[in-house]
Amino acid sequence: MKNPYKVLNLPQDASTAEIARAQIPALKLKKYSAKEITEAQVALRKPALRLAADFTFPLLDRRKVKPLTSDIKSRELSLDEIDLDKYNSL
């Protein structure tokens, strides 16, 4: 399966109407066959297939994605510091 978003030249947040209108421009480009374009359109119209495409082919603009950072500091913990009787309810 090819990336349906690239086949139809659409962003991931495209509406159903945009998906329907994308077929003609994609056919005019002649980059993909009519069968591939139809399969891409069907995949994006069905919610389960669209979700699968979103996870399989994420379209991210790498310039806009910021790396995750954390202010949480961790420290080494040894087993000798753990109080084994702290939560003993018996």
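Reader: Why does asparagine 9 count as exposed?

Author: In this predicted model, asparagine 9 has a relative accessibility of 63%, and since the word exposed is kept for residues over 50%, asparagine 9 counts as exposed because its value passes that cut-off. Asparagine 9 lies in the loop between helix H1 (4–8) and helix H2 (16–21).

Reader: What makes the phi of asparagine 9 worth a remark?

Author: The phi of asparagine 9 is near 55°, which is a positive value in a residue other than glycine. Most residues other than glycine have a negative phi. Lysine 30 also has a positive phi, of about 55°, although it is not a glycine.

Reader: Where is lysine 30 found, and why is it called exposed?

Author: Lysine 30 is found in the loop between helix H3 (23–29) and helix H4 (34–45). Its relative accessible area is 70%, and exposed means over 50%, so lysine 30 is exposed.

Reader: Why is asparagine 3 called buried?

Author: Asparagine 3, which is found in the segment before H1, has a relative accessible area of 11%. Buried means under 20%, and asparagine 3 is therefore buried. The side chain of asparagine 3 reaches the backbone nitrogen of tyrosine 5 at 3.0 Å, and because a polar contact requires a pair of N or O atoms within 3.5 Å, that distance satisfies the limit.

Reader: How do you know that glutamate 36 forms a salt bridge with lysine 2?

Author: The closest N and O atoms of glutamate 36 and lysine 2 are 3.2 Å apart, and a salt bridge asks for a side-chain nitrogen of Lys or Arg within 4 Å of a carboxyl oxygen of Asp or Glu, so the pair qualifies. Glutamate 36 lies in helix H4 and lysine 2 in the segment before H1, so the salt bridge ties together parts that are 34 residues apart in sequence. The structure holds 1 salt bridge.

Reader: Why do glutamate 36 and lysine 2 count as partly exposed?

Author: Glutamate 36 has a relative accessibility of 23% and lysine 2 a relative accessible area of 45%. Partly exposed covers the values between buried, under 20%, and exposed, over 50%, so glutamate 36 is partly exposed, and so is lysine 2.

Reader: What makes the nonpolar surface patch?

Author: The patch, of about 480 Å², is made by Leu77, Leu79, Ile82 and Leu84. Isoleucine 82 lies in the segment after helix H5 (47–56). At 38% relative accessibility, isoleucine 82 counts as partly exposed, and because patch residues need over 30% relative accessible area, isoleucine 82 meets that requirement.

Reader: Why is the protein said to be more spread out than a compact globule?

Author: The secondary structure comes to 5 helices and 0 strands, and along the sequence the pattern reads α-α-α-α-α. The radius of gyration is 24 Å, well over the 12 Å that the globule rule gives for 90 residues, so the protein is more spread out than a compact globule. Taken along the principal axes, the box filled by the C-alpha atoms is roughly 70 × 35 × 20 Å.

Reader: How many of the 90 residues count as buried, as a percentage?

Author: Of the 90 residues, 21% count as buried. The accessible surface of the protein comes to about 8100 Å², and 57% of this belongs to carbon and sulfur atoms.

Methods. Residues numbered from 1 in each chain as written. Predicted model: local features only at pLDDT ≥ 70, side-chain atom pairs only at ≥ 80, totals over all residues. Heavy atoms only, no water. Patch = residues over 30% accessible without salt bridge, like charges linked within 9 Å, V, L, I, M, F, W, Y side chains within 5 Å. Areas by Shrake-Rupley, 256 points an atom, 1.4 Å probe, with all protein chains shown as cover. Helix = DSSP H or I, 4+ residues; strand = E, 2+ residues; numbered from the N terminus. Buried < 20%, exposed > 50% of the residue type's maximum accessible area, 1.4 Å probe, protein only. Polar contact = N/O pair within 3.5 Å; in protein donor to acceptor, adjacent residues only side chain to side chain. Rg over C-alpha atoms; globule rule 2.2 N^0.38 Å.
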